[in-house]
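Please open the model in a viewer and keep the selection panel at hand. The stops below are meant to be followed in order.

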Amino acid sequence: MKKIITFVLSMTAALSLSLTAFAAAESDPANTFGPSDTTGKETTVNFNVDPTYTVTIPAKVTLAKDASDGNYRQDAVIKAENVRLLENKMVKVTLAGDFKLTTGENGTSYELPYTVKVGDSDTAIITGGTVATFGTSTTDQTSTLHFAADNPTYAGEYTDTVTFTISVE
Amino acid sequence: MKKLFTFIPALAIALSLYVTAFAAANDTSITPGSENKTGSTSVTYTVQPAYTVTIPATVTLGNSVTVSAEDVKVNKGSYVAVKLTGTSEMNNSFKVKTDEGAELVYTVKNGEENVNIGDTVLAVNPYDADNGNATLSFSAPASVTYAGTYKGTVTFTVSVDTVPMPK
């Protein structure tokens, strides 16, 4: 019995110390009340949500011959997932390049211009132009780009590189 | 043993899935935490060489035939060359023979120029045009000793050569 009483007293002391410590962590002169406090005090509620998005840029676009007219075409898709931004903000994707495919080298090099159009637009993108804008959404979003080049005079391997830039505006 | 056979197919499936996932990872993914907010895309296409060269199936001495090339598309700095590279006779001589052994010598001309074995009879460079043709005249000798059906063949060879083109 004596041991039980001793144990209970020890536990009580330990608990009171922990409660005191807990209370000490919560107490702050700004939000503690005393008998003299007759008005309410404020507790600031915070919740920080960081912006998120994942924009995927395709590594390669390979044009293929269109049997109907002999020209070369291919579509590429820019994809945005998990877009969550500040209200009224958008993720903007721009495209930069000279839009010229090149084959051969030195004296046998040959350039062939090509165009990039977005979605249903009939206007070709110029360097620095916007190819996609994505707002906050829980669903995946895409923008389809149409690459096209005329049937060239010469055979060969034609290549070019374009650069996409992401910004939030 | 049974477990080994089960493990191997499973491993093969797992590896194939891994390869697929790795191929998709070549695309650039940009997030707010990405240090570089740009991604590059390689734009490519391959145009295969193409041409259609037509040579006559037969020619009768004393007549002309047309050798043509159409829809010529080869690398810049190259051209399609059609050459007369051989005949059916010994030493590639321009002769026709009867079954009885009688021979006739003939000549081939491209315009005013005699054609010799190995000569280019037609050259088409897409820099100038994607098609062309040449008229070859096969001349019979002025006099013939023996009657008979004289026969022989000439061989044309097509190649893609690099400039400069033959004159």
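The tour goes through chain B, then the contact between the chains, and ends in chain A.

**Chain B as a whole**

The coordinates belong to a predicted model. Begin by selecting chain B and colouring by secondary structure: 1 helix and 12 strands should appear. Following the chain from the N terminus, the helix comes first and the strands succeed it, in the run α-β-β-β-β-β-β-β-β-β-β-β-β. Of the 167 residues in chain B, 18% are buried. If contacts are displayed for pairs at least 6 apart in sequence, 73% of those in chain B link residues at least 24 apart.

**The open sheet of chain B**

Next, select strands 3, 4, 11, 8 and 9 of chain B. Together they make an open sheet of 5 strands, ordered 3-4-11-8-9, in which the pairing is antiparallel. At its edges lie strand 3 (50-54) and strand 9 (113-114) of chain B, each of which pairs on one side only.

Within this sheet, narrow the selection to residues 64-73 and 132-139 of chain B, which are strand 4 and strand 11. Their antiparallel pairing extends over 6 bridges. For a single position to centre on, pick B:T66, which stands opposite B:T135 of strand 11.

**Where chain B touches chain A**

Now show both chains. Which strand of chain B gives the largest share of the side that touches chain A? The contact involves 27 residues of chain B and 38 residues of chain A. On chain B, strand 1 (28-30) and strand 2 (38-47) each supply at least two residues of that side. The largest share, 10 residues, comes from strand 2 of chain B. Colouring this side of chain B by residue class gives 9 nonpolar, 14 polar and 4 charged residues.

Keep strand 2 of chain B selected and add residues 60-62 of chain A, which form strand 2 of that chain. The two strands pair across the chains in the parallel sense, over 3 bridges. Here A:K60 stands opposite B:S42.

**Strand 9 of chain A and its partners**

Finally, move to chain A and select residues 141-149, strand 9. Add strand 4 of chain A (residues 72-84), which pairs with strand 9 in the antiparallel sense over 9 bridges. On this side, A:A76 has A:L145 as its bridge partner. Then add strand 7 of chain A (residues 110-118), also antiparallel to strand 9, with 5 bridges. To end the tour, centre on A:V116, whose bridge partner in strand 9 is A:F147.

Conventions:
Residues numbered from 1 in each chain as written. Chains lettered and ligands numbered in written order. Predicted model: local features only at pLDDT ≥ 70, side-chain atom pairs only at ≥ 80, totals over all residues. Pairing = 2+ DSSP bridges. Helix = DSSP H or I, 4+ residues; strand = E, 2+ residues; numbered from the N terminus. Contact = placed C-beta atoms within 7 Å. Nonpolar A, V, L, I, M, F, W, Y, C, P; charged D, E, K, R; others polar. Buried ≥ 20, exposed ≤ 12 C-beta atoms within 10 Å, placed from the backbone.
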